[in-house]
Amino acid sequence: MIAMVDCNSFYASCEQVFRPDLRGRPVAVLSNNDGCIIAKNKEAKALTHIPYRDPLFKIKGLLAQNDVTLFSSNYTLYGDMSDRVMNVLRDFSPAVEVYSIDESFVDLSGITHVNLETYGHKIKDSVVRRTGVPVGVGIAPTKVLAKLANRISKKIARFNYVFVMDTEERRIECLKWAETKDVWGLGKKHVERLANVGVFTAYDFTQLPLAWVRKEMTVIGERLWRELNGESCIPFDTLPRKKKAIGTAKSFGKKLDNLPQIEEACAYYISEVSEVLRFQKCCCTQLRIYLTTNYHSTNDVQHADKTIVTLSVPTNDTFILIVEAKKALKRIYKPGFKYKKVGVDLLGLIPEEQVQGNLFMPEATGDKRLIKAFDAINNRYGKSTVSAGLSGTTKSNKEWELIKEERSPRYTTQWNSLLEIGE
């Protein structure tokens with residue numbers, strides 16, 4: 001059996017862990033630059049008259065009237081809370097597949113001596129007690145059925161966030177309850193194709209001839225069909241997958257037309273992604289830089305361009321990458337435009353031990369001792385304790401940094417953000 005453990009309203013729940021005064025009250029989390037709402041807790045979801053998809057500036061008054069507490073996104077906090085949740089799950093099984101920041105598959109195949117529903121409640125209660133984050137637990141024979149069981153655990157109140165699909169009768173009952181759009185892996189186009197042949201529930205889908213599914217929906221559809229019929233064919237993957245590319249692109253807090261400021265932002269993003277690259281013990285062979293104006297604006301003249309640099313020697317050295325990025329930026333930057341975003345991608349990743357030097361450019365390998373010292377200091381004292389001078393200063397960064405007026409403290413990763421209780 002497989003358990004799917006999914007955190008409830010994860011971003012909002014993380015904020016409420018450190019703000020117990022907000023329990024039972026509507027909470028919403030904003031996108032980068034505080035542009036719009038991307039996550040809500042159940043109390044906020046209940047306020048259905050608020051058009052949450054609208055830009056924040058249009059609905060801010062309505063949110064205030066309904067006492068909705070807003071937070072700027074705090075991904076450092078969410079990432080750390082996610083690690084804590086996953087560590088709790090590893091106490092219940094040696095095989096845990098982290099599927100996303102807020103959900104994991106837990107292999108329960110060796111758990112035969114306990115009642116699975118009791119075990120599911122034990123998982124749920126342990127995660128809440130040790131992290132403060134509420135979760136739902138769905139248990140079933142396959143991954144696709146476990147996802148469906150998890151959905152049922154949250155949608156039907158009497159199951160109290162734990163549902164076990166352990167009999168054939170329950171499987172059939174669940175399949176008849178679920179619409180095709182509720183099935184993990186069935187995309188919009190497949191749902192439309194199935195509706196055209198009169199298939200509207202998961203049960204209807206499982207009654208289709210396998211040959212039709214294979215022909216119309218390829219091997220992906222066949223795999224879903226088999227999983228829904230109780231045949232496990234999506235393997236467990238407990239090892240973290242190495243990234244094939246690493247990138248970041250963030251909108252500026254305000255539009256920029258000044259190249260040095262854009263270079264600072266670009267250098268800062270290079271520092272971020274190259275650190276991830278070194279953590280993965282890889283080097284990149286190519287660097288992609290792109291720059292764009294705000295294409296939503298009807299007042300600004302638009303311009304966007306990108307370029308790819310092939311490095312003479314694959315590297316993960318922040319300073320070398322910043323130098324190459326600056327050269328690339330100069331090629332795509334045109335004066336007279338108000339730019340909204342710069343993005344960097346590190347491409348063609350290879351393991352560090354497979355890097356071949358360049359006979360004609362030996363200096364291109366950089367100073368590994370300096371980078372090692374950088375990482376050691378930042379790991380010990382916090383992100384950006386030391387950084388490349390080209391990525392600007394705290395004062396100059398305010399010209400391009402994301403707007404994050406409502407961001408909560410980084411309670412779990414910064415010593416100066418520890419939660420204080422009382423005087």
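**Reasons behind the labels**

Author: Tyr161 sits in the loop between helix H6 (143-155) and strand S8 (162-164). The model is predicted.

Reader: Why is Tyr161 called partly exposed?

Author: Its relative accessible area is 28%. Buried means under 20%, and exposed means over 50%. The value for Tyr161 falls in between, so Tyr161 is partly exposed.

Reader: What is the phi of Tyr161?

Author: Tyr161 has a positive phi of about 70 degrees, although it is not a glycine. Most residues other than glycine have a negative phi.

Reader: What is the phi of Ser9?

Author: It is near 45 degrees, a positive value, and Ser9 is not a glycine either. Ser9 lies in the loop between strand S1 (2-7) and helix H1 (10-17).

Reader: Is Ser9 buried, exposed or partly exposed, and why?

Author: Its relative accessibility is 21%. Buried needs a value under 20%. Ser9 does not meet that, and 21% is not over 50%, so Ser9 counts as partly exposed.

Reader: Which residues does Lys45 touch?

Author: Leave out residues up to four places away in sequence, and Lys45 touches Ser9 and Lys40. Touching here means heavy atoms within 4.5 Å. Lys45 itself is in helix H2 (residues 42-45). Its C-alpha atom is 9.1 Å from that of Ala28, 17 residues apart along the chain.

Reader: What makes Lys45 partly exposed?

Author: Its relative accessible area is 47%. Exposed would need over 50%, and buried would need under 20%. Lys45 meets neither cut-off, so it is partly exposed.

Reader: How many disulfides does a search of the whole structure find?

Author: Zero. Cys266 is in no disulfide, and the nearest cysteine sulfur, that of Cys284, is 13 Å away. A disulfide needs two cysteine sulfur atoms within 2.5 Å. The 13 Å distance fails that test, so this pair is not a disulfide.

Reader: Why is there no bond between Cys282 and Cys283?

Author: Cys283 holds the cysteine sulfur closest to that of Cys282, at 7.5 Å. The cut-off is 2.5 Å. The sulfurs are therefore too far apart for a bond.

Reader: How do you know whether Cys266 and Cys282 are buried or exposed?

Author: Take the cut-off for buried, under 20%. Cys266 has 2% relative accessibility, so it counts as buried. Cys282 has a relative accessible area of 4%, so it is buried too.

Reader: Which residues of helix H8 are buried?

Author: In H8 (residues 188-196) they are His190, Val191 and Leu194.

Reader: What puts them on the same side of H8?

Author: They cover an arc of only 100 degrees around the axis, which means they share one side of H8. These buried residues pack against helix H9 (202-206) and helix H10 (210-228). The face turned away from the buried side carries the exposed residues Lys188, Lys189 and Asn196. After H8 comes Gly198, with a positive phi near 80 degrees.

Reader: How many of the residues in the protein are buried?

Author: Buried residues make up 46% of the 423 residues. The protein has 14 helices and 12 strands. Its accessible surface comes to about 22,800 Å², and 52% of that belongs to carbon and sulfur atoms.

Technical notes. Residues numbered from 1 in each chain as written. Predicted model: local features only at pLDDT ≥ 70, side-chain atom pairs only at ≥ 80, totals over all residues. Heavy atoms only, no water. Buried < 20%, exposed > 50% of the residue type's maximum accessible area, 1.4 Å probe, protein only. Helix = DSSP H or I, 4+ residues; strand = E, 2+ residues; numbered from the N terminus. Areas by Shrake-Rupley, 256 points an atom, 1.4 Å probe, with all protein chains shown as cover. Arc of directions from axis to C-beta.
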